Amino acid sequence: MTDPPRALLAPQYAMDTADLRFVRTAPRHLVGRSAVAEVLITDWRQLGPDTFRLGAQWPRGHTFYPPIAGAWHDPLLAAETLRQASVLVGQTYYGVPAGRRPLMDALDIEVVPGALLLGPHPAEIRLEVSGADVGRTHGTLTGMTLEVELMRGDEFVGAGRLALRVPSADGREHRDRTRSGDGLPPRPEPVPAAIVGRLDERDVVLGVPSSAAARRGHNWTLRIDPGHPVLFDRPADHVPGMMLLEAARQATQAVCAPYRVLPLELRSAFHGFVELDIPCHIAATRLPSQDAGEDAVVRVTGSQDGKLLFDSLVVAGLCD
């Protein structure tokens, strides 16, 4: 006999807090992924009202999130883990339909560098998740905030916060806007991959601006490739939030070159949809550090038609 769906076990909350399982991945549809190789979540259970425990496995090598400087797991794996956890929790315990993916309004992560060091095996991560500010309309979830602690065995890896909004059934939030045209704008030439910490040109999301004025300073045009196997693992009608986080990371890397950066904190807000058919302007500014350490603090913004749609503050350690 097969196990019953987890949702049918609620509200008989799991009393057994034994170790989570890391032997297989969650079903793809529960985390909003198409490729099995991109699924990070391995196990999940409900501990009480709006409290959950999830397991995730981070590979020692990943096609898009490879180790930083050959030593640390990419901290953006933590962000993607939180995103997948939010989709699973929403579908499994709050009744969000599989085709209606929650939208990120804000995502914050903070990690401990020592806990990200590569080991001889994939990293097994435990997520302690608490839901807050749960909003419902006529019994349907409209939004919530997930507060997450990440553990690797007994070691604290970091913490995260993810504010979510669940779109309406008719998708009116997106379809009501007036589109400027059909198809995608011309894809700009990529900046040199090494400048943004990449090996493959296809993974570069920052493009050379068309105007000479925009090319001065740290300004770029977002390079949108709907065929990218990770950033566009599933069809999307707007730029995915994880692509904007990658743009923030690459912009921070470009600002801090020639040093390699290890993102330690990302505090990001998504103010609206970044559309696929309008050029998106990415800008970065290095800010004065608030302490005497060597960490870099960079603010990255994303705008379309002069409207701010994405804002991220990145604190990054500098590697030789």
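In the predicted model, strand 4 (123-137) and strand 5 (140-152) run antiparallel and are joined by 10 bridges. Within this pair, R136 is placed opposite L141 of strand 5. The two strands form a hairpin with two residues between them, and H138 adopts a positive phi near 55° there. Strand 5 is also joined to strand 6, again in the antiparallel sense and through 10 bridges. Here R152 has E155 of strand 6 as its bridge partner. This second connection is likewise a hairpin with two residues between the strands, and G153 in its turn has a positive phi of about 65°.

These strands belong to an open sheet of 12 strands, arranged in the order 1-2-4-5-6-3-9-12-11-10-8-7 with antiparallel pairing. The edges are formed by strand 1 and by strand 7 (206-207), each of which pairs on one side only. At one edge, strand 7 is joined to strand 8 (residues 219-222) by two bridges, and the two run antiparallel. G207 faces T221 of strand 8 in this pairing.

At the other edge, strand 1 (residues 41-48) pairs with strand 2 over six bridges in the antiparallel sense. G48 stands opposite T51 of strand 2. A hairpin with two residues between the strands links strand 1 to strand 2, and D50 in the turn has a positive phi of about 65°. Although strand 1 is an edge strand, seven of its eight residues are buried, so the strand is largely enclosed by the rest of the structure.

T42 is located in strand 1. Its relative accessibility is 8%, and T42 therefore counts as buried, the cut-off being under 20%. The side chain of T42 reaches the backbone oxygen of R21 at 2.8 Å. Beyond its neighbours within four places in sequence, T42 is in contact with R21, F22, R24, T25 and A26, and also with G55, A56 and Q57.

Two helices pack against the sheet strands. Helix 2 (residues 76-94) touches strand 1, strand 2, strand 3, strand 4, strand 5, strand 6 and strand 9, and its direction makes about 135° with that of strand 2. Helix 5 (residues 241-256) lies across strand 3, strand 7, strand 8, strand 9, strand 10, strand 11 and strand 12, running at about 135° to strand 9. Strand 3 and strand 9 thus appear in the lists for both helices.

The helices also meet each other. The axes of helix 2 and helix 5 come within 11 Å and cross at roughly 165°. With angles over 145 degrees counted as roughly antiparallel, helix 2 and helix 5 are therefore roughly antiparallel to each other. The crossing of helix 2 past helix 5 is right-handed. From helix 2, the residues involved are L76, A79, E80 and R83, which meet M242, L245, E246 and R249 of helix 5.

I282 is found in strand 10, one of the strands that helix 5 lies across. With a relative accessibility of 0%, I282 counts as buried. Its C-alpha atom is separated by 5.1 Å from that of W220, although I282 and W220 are 62 residues apart along the chain. Not counting residues up to four places away in sequence, I282 touches L206, H218, N219, W220 and L222, together with A247, A251, V300, T301 and G302.

Notes: Residues numbered from 1 in each chain as written. Predicted model: local features only at pLDDT ≥ 70, side-chain atom pairs only at ≥ 80, totals over all residues. Heavy atoms only, no water. Helix = DSSP H or I, 4+ residues; strand = E, 2+ residues; numbered from the N terminus. Buried < 20%, exposed > 50% of the residue type's maximum accessible area, 1.4 Å probe, protein only. Polar contact = N/O pair within 3.5 Å; in protein donor to acceptor, adjacent residues only side chain to side chain. Contact = heavy atoms within 4.5 Å. Pairing = 2+ DSSP bridges. Axes fitted to C-alpha atoms, helices over the stretch in contact; angles between N-to-C directions. Parallel < 35°, antiparallel > 145°, perpendicular 65-115°, else oblique. Left-handed = near helix turned anticlockwise from the far one by under 90°.
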